[in-house]
Amino acid sequence: MTISKLTVAKLTSVGGGQMARALIGGMIAKEALSPNQIAVIEPTASSRDWWSQTYSGCQTSGTEASGIVAAMDNADLVLLAVKPHVMSHVFENEAYNFGDKLVISIAAGLQLGTLVAGVGHDRVVRVMPNTPSLVGEGAAGFCCADGVTPSDVDNVEKMLASVGYVTQVSESQMDAVTAVSGSGPAYMFLLIEALADGGVAEGLPRQTALELATQTMLGAAKMVRDTGLHPGQLKDNVCSPGGTTIAAVRSLEQNGARAAMIDAVAAAARRSRELK
């Protein structure tokens, strides 16, 4: 997928951890931004070294006031890539001058109202990414406060598309996004593990079973994405009358696999709402 350049001169990331590395690395790889347009505020020296060594031209600073001011001054876009419990410290620190900059938060659970109050304006976007963004196969949902412009939305979409799939939703739908794609990788990992365990139980070596299960999950997902067919249709295409697959599907249905997954999503969404 070709990603066009962001229409910002400078991006500053508050936090330089794994998700910031994924998002910014994706944009640099797709040439949506260049390293000399990036500044990273990061308290850990080893992490600052990683940024400097990986992306020559990237500006890094610690969390001393002078470093924060220097990184924030020229930024058009600020990425808030810190843990939710750290965000209050950012908002309370006067060195973080958000002005009227576009602010994107990837802190799980922090609602737009909290972010707008902390930043001091409503040009704010809340994003729920997921960990497969680290390998360029992410799935993210985002919602916008009232001050976000169409140009801002375009930049957000370019950022997130550089590491996978992106969709805009209402804030009322963000708990569902969290439950489906935010927490979803864990469900898929569990399924891969269980499928591999089944192979081992039937006599396959552990590594062989794991590789077969992993590739099967990957291939099935790509078929849904690339063919545009409903997953039910793709399932039916594999289920020959009286064959092995329909026997397995029957067992899955008898053991409540479909209901268990639906209930898992509901439980995650419920917990997401409780954490606000």
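This short talk goes through the pockets of the structure above and one patch on its surface.

A word on the source: this is a predicted model, in which local features need pLDDT of at least 70 and side-chain atom pairs count only at pLDDT 80 or more, while totals for chains, interfaces and linings use all residues. Residues are numbered from 1 along each chain as its sequence is written, and side-chain values use heavy atoms, with hydrogens and water left out.

Let me begin with the largest pocket, where a pocket is an open set of points on a 1 Å grid over the protein atoms alone, with protein on both sides within 12 Å along at least five of seven lines, and lining residues have an atom within 4 Å of a point. Its volume, the space filled by probe spheres (1.4 Å) set on the points, is about 2,700 Å³. Of the 47 residues that line this pocket, Met188, Leu191, Met217, Ala220 and Ala221 are the closest to its centre.

Leu191 also belongs to a nonpolar patch on the surface, together with Met188, Phe189 and Leu190, and the four have about 380 Å² of accessible area together. For such patches, residues need over 30% relative accessible area and no salt bridge, and nonpolar side chains are joined within 5 Å; a salt bridge is a Lys or Arg side-chain nitrogen within 4 Å of a carboxyl oxygen of Asp or Glu, and areas come from the Shrake-Rupley method with a 1.4 Å probe.

The second largest pocket has a volume of about 640 Å³, and among its 26 lining residues Lys83, Pro84, Ile106, Ala107 and Ala108 lie nearest its centre.

Technical notes. Patch = residues over 30% accessible without salt bridge, like charges linked within 9 Å, V, L, I, M, F, W, Y side chains within 5 Å.
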